[in-house]
Each structure stands twice: as C-alpha cells, then as structure tokens.
Amino acid sequence: MGTEHDGSIIVAGTGPTGLIAAAALADLGMPVTLVGPPASTDDRRTTALMTPALAQLDALGVPAGLRPKTAPLKAMRIVDATKRLIRGPVVTFRAAEIGEDHFGLNMPNRDLNAALEAAVISRPAIDWRRGMITGWVVGADKVVARLSDATTIEGALAVAADGRLSPARQAAGISTSVRSYPQAAVVLNFGHSRGHGFVSTEFHTETGPFTQVPLPGNRSSLVWVVKPTTAEELMALDDASLSVRVEEQMQSMLGRVEVEPGRQVYPLGAVLPARFAQNRVALVGEAAHVFPPIGAQGLNLGIRDVRDLVATVAENRSDPGAEHALAAYDRKRRPDVLARAGAVNLLNLSLLSDMLPAQLARSAGLGVVGGFAPIRALFMREGLQPGSGFAKAFTDLREQIRR
Ligand SMILES: Cc1cc2nc3c(=O)[nH]c(=O)nc-3n(C[C@H](O)[C@H](O)[C@H](O)COP(=O)(O)OP(=O)(O)OC[C@H]3O[C@@H](n4cnc5c(N)ncnc54)[C@H](O)[C@@H]3O)c2cc1C
C-alpha cells in the first residue's frame with residue numbers, strides 16, 4: 001500500500017500537554033490539527049514547574065504574562081510526620097546549594113491553561129477543532145479520527161494527549177497496567193498569617209503526603225492525600241472548620257490559616273502503558289503516565305515527553321508516524337518515565353506500608369539524603385533534569401581523583 005497521508009499531525013486532547021504539544025509541533029512547521037474542548041477554567045490545582053520545563057515553555061513564548069501569578073520555589077522540605085516507630089529526619093533541599101536561585105515556579109492551573117490556550121490561538125497554523133474525537137481508525141499508512149461534529153480528519157501521526165483513559169491509546173492497541181490506590185487528594189488554596197519564605201513543605205503521613213506549595217503573597221496551595229473516606233469528611237466541612245484542620249496538620253507552621261472557597265478531590269491511581277508509541281500513535285502526558293502527586297513530577301514529565309516527541313518528529317518530517325520514528329520515541333521516553341513512575345510509586349507505597357523494612361528503608365533513605373550534601377545535590381539536579389545529577393556527580397568525582 002502506498003503512503004496516503006500528507007505528513008500532518010493530529011493532537012488529541014486540550015489539557016496542558018496537548019496544548020504544549022500542538023504549539024511546539026506547529027513551531028517545527030508541521031501541519032497540526034488539535035482536537036479537544038476549550039482549555040479548562042475550573043481546575044483549582046496549582047502546578048510546580050521546574051526550570052527545564054519553564055525553559056521549554058519560554059521557547060513557546062508562554063510564561064512572560066504568567067510571572068505575576070507565580071511564586072518561586074527556593075527550598076523544598078520533607079517532614080516525616082508519621083507516628084511510626086522509625087521516622088526519618090527533616091530533609092531540606094535548597095536551590096542555593098546547587099547554585100540556583102529557585103527550582104521552579106508554582107502557578108495556578110487556570111492561569112497556566114489560559115496562557116497555553118493563548119499560545120495555541122496565536123499560531124494560525126494550528127487548526128483547532130473544539131469538539132471531541134468519537135472514533136479512531138488506525139491504519140498502516142495513516143490514522144483517521146471521527147469528530148463529534150461528524151467530520152473526519154486524518155494524519156500521519158496522532159499524538160495522544162487525551163488523558164489517563166486515552167481513547168487514542170486504546171485504538172492503537174497499547175495495553176496498560178492500572179493500579180488504584182486507597183487514597184484521594186484534597187486540593188485547595190489558603191491564606192496564612194506568616195510568610196512562607198518560598199519554601200514548600202511536604203509532610204509525609206501514613207495516608208500519603210500533605211504538601212504545601214507557595215503562591216504569591218501570604219498564600220499557598222495544598223495537596224492533602226488521605227483515605228477516600230477522610231476526603232469525603234474534609235469536603236463536607238465548612239471553610240472555617242477546614243482551616244483549623246489544615247493549620248493543625250501543619251503544626252501552625254505558617255500561623256493562622258484561612259482556606260479559600262472552592263476545593264476539589266482527585267482519586268489517586270497509577271497507569272503505565274506497555275509502549276509509549278505504536279501504530280501511528282505516540283503517547284504524551286497522562287496518556288503515557290499517571291502516578292500520585294508526590295514531588296511535582298507529572299506535568300514536568302509530560303513536558304519532557306513533548307520535548308522528545310518534537311525531536312523525533314524533526315528527524316522524521318516526511319513521515320512522523322513511521323514505525324522507526326515511533327520506536328525511537330519509545331526508546332527515548334522509556335528510561336525517564338519508568339524511573340520517575342517507579343520512584344514515586346515506591347515512595348507512596350512505603351508511606352502506606354506498615355511493614356518495618358519499608359519504614360526502615362524510607363527513613364534510612366531520608367537520613368542519607370539529609371545528612372550528606374553531595375547526595376542531596378545529586379537528588380536536586382536529578383529532580384530538575386534527569387541525568388544531570390549523575391553527570392555532575394561523575395564530573396566532581398573525576399575532579400577529585402585528578403587532584
Ligand atoms: C492533585 C494533583 C496535583 C498535581 N500537581 C502537579 C505539580 O505540581 N507539578 C506537576 O508537574 N504535575 C502535577 N500534577 C500532574 C499534572 O496535573 C498532570 O500531569 C497533568 O494535568 C496532565 O495533563 P494532560 O494534558 O496530560 O491530561 P489532562 O489534563 O487529563 O487532559 C486530557 C485532555 O484530553 C481531552 N480528551 C479526552 N478524551 C478526548 C477525546 N475523545 N477527544 C478529544 N479530547 C479528549 C480532555 O478533555 C482533556 O482536555 C498533579 C496532579 C494532581 C492530581
């Protein structure tokens with residue numbers, strides 16, 4: 001069969017990853033059709049984006065207008081707040097320790113989504129169909145999507161940015177391993193009487209992390225991971241009672257707490273596909289990886305998916321969905337995604353586990369990281385950019401051997 005496609009790319013999904021992918025692929029000069037509803041304006045979460053992800057968005061002209069809505073993360077602290085027999089020490093990672101002013105910026109998802117939507121609209125090369133994809137036909141030479149307005153579109157490559165259930169992933173025949181956790185994340189923003197000093201604190205509890213992340217002024221966002229029944233109970237409280245619960249949980253670290261109206265719950269789970277691309281479909285964002293919100297990893301990883309996809313498409317412009325191109329993308333993404341997902345899932349399970357060895361391993365790990373500056377620096381560099389921590393550690397070691 002001859003090549004039937006015109007080299008164009010369908011991006012399915014208009015969450016942050018789909019919007020970023022559409023803009024970045026359009027900047028390569030590729031014809032892009034984006035399909036999905038208008039960007040979400042009712043997401044109450046905030047996202048901490050690290051400096052490499054911000055540099056990628058800078059290249060798309062995104063963060064400039066966003067800056068006043070963001071707060072820099074100058075330090076990240078982990079407090080073992082479990083009541084278990086073996087507890088780890090408090091560990092603080094300071095950006096200054098690795099010569100940086102901050103690790104990244106925390107921003108409201110609503111503002112991020114609006115800025116990404118504006119970036120897409122400012123690129124006339126993107127044909128944005130504001131509807132849903134109702135069906136896929138995946139062929140050897142092209143991929144065809146049927147839309148909710150009864151039209152069809154086709155392309156050489158489909159980018160599945162259609163979230164954790166990803167119909168495009170299913171159409172490509174990519175199987176997944178799915179795990180649901182006995183946890184839910186209560187998400188809200190709050191004001192506090194003491195300054196946060198641009199420090200984010202993650203309290204590790206027996207049900208999951210309780211993570212405070214700075215926002216501009218005396219405000220922070222909160223992701224509180226609890227049992228689903230506790231989440232229901234917290235959601236039923238009025239703002240004043242919930243404020244007291246949040247303040248108690250933080251041991252009044254930021255003084256008096258005032259929870260802002262509007263909160264949301266997210267059930268937690270993990271999804272990993274068997275492959276990251278197959279049959280003219282490449283997975284990005286939550287279509288490619290879902291794991292609990294620990295250590296601000298998800299969208300940072302999704303933005304690296306887009307980086308590697310753009311590099312692969314740039315090398316395969318005539319047929320970006322060709323088998324060898326998809327195999328190259330799969331090889332690029334596998335180590336990064338598996339390492340991040342593995343580490344986050346393991347840390348989450350070690351929190352939930354009542355087993356002594358798991359508690360010992362976690363507290364010993366925190367002890368080593370907390371007490372030894374070079375290991376801390378390695379973790380911080382790895383957290384920002386995979387590979388860079390190890391690269392710097394080897395360079396330092398070589399220097400020491402030379403001396
Ligand atoms: C509580 C919480 C806190 C988090 N905090 C952070 C953080 O601080 N830092 C970080 O990096 N990550 C964080 N994450 C992870 C981050 O939120 C996700 O990685 C990110 O939102 C995933 O975006 P996405 O675009 O891949 O998917 P989604 O946002 O799920 O978007 C999927 C899109 O696909 C569309 N779609 C679905 N089906 C179709 C179809 N048939 N046709 C067309 N469109 C379709 C949907 O409408 C939607 O627009 C957090 C996650 C949670 C739950």
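## Polar contacts with the ligand

In this predicted model, a backbone N or O atom of Ile-133 sits 2.9 Å from a ligand nitrogen atom, a polar contact in the sense of a pair of N or O atoms within 3.5 Å. Two other backbones join in: Ala-48 places an N or O atom 3.0 Å from an oxygen atom of the ligand, and Gly-298 has one 3.4 Å from a ligand nitrogen.

On its own, the ligand has 1000 Å² of accessible area, and the protein covers 84% of that (Shrake-Rupley method, 1.4 Å probe).

## The shell around the ligand

Helix H1 (16-27), strand S3 (46-50) and helix H7 (298-315) are the elements that give two or more residues to the shell. Here helices are DSSP runs of H or I with at least four residues, strands are runs of E with at least two, and numbering starts at the N terminus.

How many residues surround the ligand? There are 28, and Thr-17, Ala-48, Ile-133, Glu-286 and Leu-299 come nearest; a residue counts as near if one of its heavy atoms lies within 4 Å. By type, the shell holds 13 nonpolar, 12 polar and 3 charged residues, with Asp, Glu, Lys and Arg as charged, Ala, Val, Leu, Ile, Met, Phe, Trp, Tyr, Cys and Pro as nonpolar, and the others, Gly among them, as polar.

## How H1 packs

H1 also packs against helix H3 (residues 109-121), at an angle of about 30° and with the axes 9 Å apart. H1 is therefore roughly parallel to H3 (angles under 35 degrees).

## Notes on the model

Residues are numbered from 1 along each chain as its sequence is written, and side-chain values use heavy atoms, leaving out hydrogens and water. The model is predicted: local features need pLDDT of at least 70, side-chain atom pairs count only at pLDDT 80 or more, and totals for chains, interfaces and linings use all residues.

How values were computed. A polar contact is a pair of N or O atoms within 3.5 Å; within protein, one must be able to donate a hydrogen and the other to accept it, and residues adjacent in sequence count only if both atoms are side-chain atoms. Axes are lines fitted to C-alpha atoms, for helices over the stretch in contact, and angles run from 0 to 180 degrees between N-to-C directions. Angles under 35 degrees count as roughly parallel, over 145 as roughly antiparallel, 65 to 115 as roughly perpendicular and the rest as oblique.
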